[in-house]
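Work through the two exercises below with the sequence and the structure at hand, and try each task before reading its solution.

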Amino acid sequence: MANILAKLLTMGEGRQLKQFEGLVSAINDREAEIKVMTDADMRARTAAFKESFSNGEPVDDMLVEAFALCREGAWRSLGMRHFDVQLIGGMVLHRGMIAEMKTGEGKTLVATLPVYLNALTDAGVHVVTVNDYLAQRDSEWMG
């Protein structure tokens with residue numbers, strides 16, 4: 001019985017992972033183009049995203065470029081570059097799903113991806129944690 005339940009709960013994971021991997025490839029393909037952008041170019045692209053959203057473009061259509069911009073922003077400001085698995089974690093969170101990661105695997109950095117993407121809607125984004133210390137530290141660190 002447990003084996004059947006496990007199969008039911010994991011149905012579609014392979015298909016979903018292939019979709020995520022395709023998006024990761026597309027994000028990686030944008031890296032060279034994004035790397036040469038100035039900070040002003042990146043801010044202008046963020047403004048253009050917001051305008052596109054206000055004109056009816058779904059935020060999901062911006063995911064690839066937005067994640068690429070966020071990755072580059074993290075590299076420039078923190079010296080940290082999202083690994084491919086962290087990009088997948090960001091996609092999982094963006095879809096409202098749960099991403100389980102061990103201590104030290106970069107949960108805070110992962111959260112920056114869906115936070116940036118969803119902040120483009122100007123509806124506000126909330127990041128919740130039960131640990132006051134981490135909430136304080138990470139809001140200052142990733143802010």
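The exercises concern a pocket and a helix that helps to line it.

This is a predicted model, in which local features need pLDDT of at least 70 and side-chain atom pairs count only at pLDDT 80 or more, while totals for chains, interfaces and linings use all residues. Residues are numbered from 1 along each chain as its sequence is written, and side-chain values use heavy atoms, with hydrogens and water left out.

**Exercise 1.** Find which helix gives the most to the lining of the largest pocket.

*Solution.* Begin with the pocket, an open set of points on a 1 Å grid over the protein atoms alone, where a 1.4 Å probe fits and protein lies on both sides within 12 Å along at least five of seven lines. The largest pocket has a volume of about 1700 Å³, the space filled by probe spheres set on the points. Its lining holds 48 residues (each with an atom within 4 Å of a point), and Thr108, Ala111, Thr112, Val115 and Met142 are the closest to its centre. The helix that gives the most is α6, with eleven residues.

**Exercise 2.** Compare the span of α6 with the expected value, and state which of its residues are buried.

*Solution.* Helices are DSSP runs (H or I, at least four residues) numbered from the N terminus. At 1.5 Å times one less than the number of residues, the 13 residues of α6 should span 18 Å, which agrees with the 18 Å between its end C-alpha atoms. Its buried residues (under 20% relative accessible area, 1.4 Å probe, protein chains only) include Leu109, Val110 and Leu113, and their cover includes α3, α4, α5 and α7.

Conventions. Helix = DSSP H or I, 4+ residues; strand = E, 2+ residues; numbered from the N terminus. Buried < 20%, exposed > 50% of the residue type's maximum accessible area, 1.4 Å probe, protein only. Contact = heavy atoms within 4.5 Å.
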